Amino acid sequence: MSETAKSRAAALPHLRRAGLAKGDPIPLPLTMAAIFHAPGDATGYDQYGRFSNPTWDAVEHMLAHLEDAPCVAFPSGMAAISAVFFGLLKAGDRILLPSDGYHTTRALADRFLKSFGVAYDVRPTSSFLDGGFDGYRLAFVETPANPGLDICDIAAVAEAVHKAGAMLVVDNTTMTPFGQRPLDLGADIVIAADTKAPNGHSDVLFGHVASRNADIISRVTDWRETSGAIPGPFEAWLVHRGLETLDVRFDRMCASAEMIARRLKDHRAISGLRFPGLESDPSHNLARAQMERFGFLISFVLASEDKAEDFINNCALMQAATSFGGVHTSAERRSKRGDAVPPGFVRLSIGCEPVEELWQAIEASLDRIGT
Ligand SMILES: Cc1ncc(COP(=O)(O)O)c(C=O)c1O
């Protein structure tokens, strides 16, 4: 971890300290309120729950500290992506999406943006620079892409996108601000599903938009207030609590993923192993250059759908579940969700269990299914 990341992590649990009066609770109080006391001109005060909420302010303060940029919180990762698209695009715009990223982002463009006159194209993450960006208003990348874990060069894409007069959005869900810093690499906007590692306990959906451009922040805030796509205060409170341990959980998950990926490499049941931290991975050099950690996601292919289901469903320390980034190790056969991957393709999300015990459970399950 870099010195800056360490000091960012150290300050995170103390962000509220400066605002505390004697007798105030040190943990964040939860404010469940649709209305606030607002006699006369209440400009600058909380007035109505769709406009503002002190619990949102606290979680946004934490997210802004992590991103080093103003942040706007949303009720899910998709709500954050929608805010960027619907808040910033207009009819006649054209956007570029990853062909191998989270499928719902493409579905949003296909099922809704198109009918508002916004066209889209797709391109693979690993060759995202090829073909340039002329004619696009916005390019959107997800790196490493979920679920195939291909990577693109954020700084090079940002430079080319800006030369073409477009803006770059990075979905940083798979990495979190501790693992990769797209705004520092030149992206205009980061979006993330805090549903995953930032909350970390798989009990809440949440998302945020981060940007150092005041106009972008104002547009997505206006979208949230006007569309009503607002986070619940309790969800914000839970994410605030989750973020206090993100550094510890993310550190454990990434370290365990590195160890487990190295061991999986030698297992006979596995082919097509992808983990950016492996020297043999096609993305490794780029990953070393632009990522602070290699993440906690590993993907690989087992011989058949049945073997992959058996491996996941009968591993003692693994939850069969979609999503990733929770304290529990979990896995999913992604063709189940329509991703263009073989039937035996598994996306594995390494959790916080002690690594040797976790490896033993994974190895036992792989040994049982055979090759
Ligand atoms: C990379 C990525 N972005 C965005 C999302 C959407 O997040 P949410 O489910 O919180 O809407 C997901 C969900 O899996 C994801 O994997």
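Here is a short chat about the ligand site, one sheet and some backbone oddities in a predicted model.

Guide: Residues are numbered from 1 along each chain as its sequence is written, and side-chain values use heavy atoms, with hydrogens and water left out. As the model is predicted, local features need pLDDT of at least 70 and side-chain atom pairs 80 or more, while totals for chains, interfaces and linings use all residues.

Visitor: What makes a residue part of the group that surrounds the ligand?
Guide: One of its heavy atoms has to lie within 4 Å of the ligand. There are 13 such residues, and the closest are Gly77, Met78, Asp171, Thr195 and Lys196.

Visitor: How do you know that aspartate 171 makes a polar contact with the ligand?
Guide: A polar contact is a pair of N or O atoms within 3.5 Å. A ligand nitrogen is 2.6 Å from an N or O atom in the side chain of aspartate 171, so that pair qualifies. A ligand oxygen is also 2.8 Å from a polar backbone atom of glycine 77, and methionine 78 offers a polar backbone atom at 2.8 Å from a ligand oxygen.

Visitor: How much of the ligand does the protein cover?
Guide: On its own the ligand has 390 Å² of accessible area (Shrake-Rupley method, 1.4 Å probe), and the protein covers 93% of that.

Visitor: What are the classes in the shell around the ligand?
Guide: It has 5 nonpolar, 5 polar and 3 charged residues. Asp, Glu, Lys and Arg count as charged, and Gly counts as polar, so Asp171 and Lys196 go down as charged and Gly77 as polar.

Visitor: Why are E8 and E10 called edge strands?
Guide: Strands here are DSSP runs of E, at least two residues long, numbered from the N terminus, and two of them pair if DSSP finds at least two bridges between them. The open sheet runs E8-E9-E12-E11-E10, with mixed pairing. Strand E8 (271-274) and strand E10 (319-320) each have a single partner strand, so one side of each lacks a neighbour in the sheet.

Visitor: How do you know that E11 and E12 pair?
Guide: 4 bridges join E11 (residues 330-333) to E12 (residues 345-349), so the requirement of at least two is met. The two run antiparallel, and serine 330 has serine 349 in E12 as its bridge partner.

Visitor: What is unusual about the backbone at aspartate 68?
Guide: Most residues other than glycine have a negative phi. Aspartate 68 has a positive phi, near 60°.

Technical notes
A polar contact is a pair of N or O atoms within 3.5 Å; within protein, one must be able to donate a hydrogen and the other to accept it, and residues adjacent in sequence count only if both atoms are side-chain atoms.
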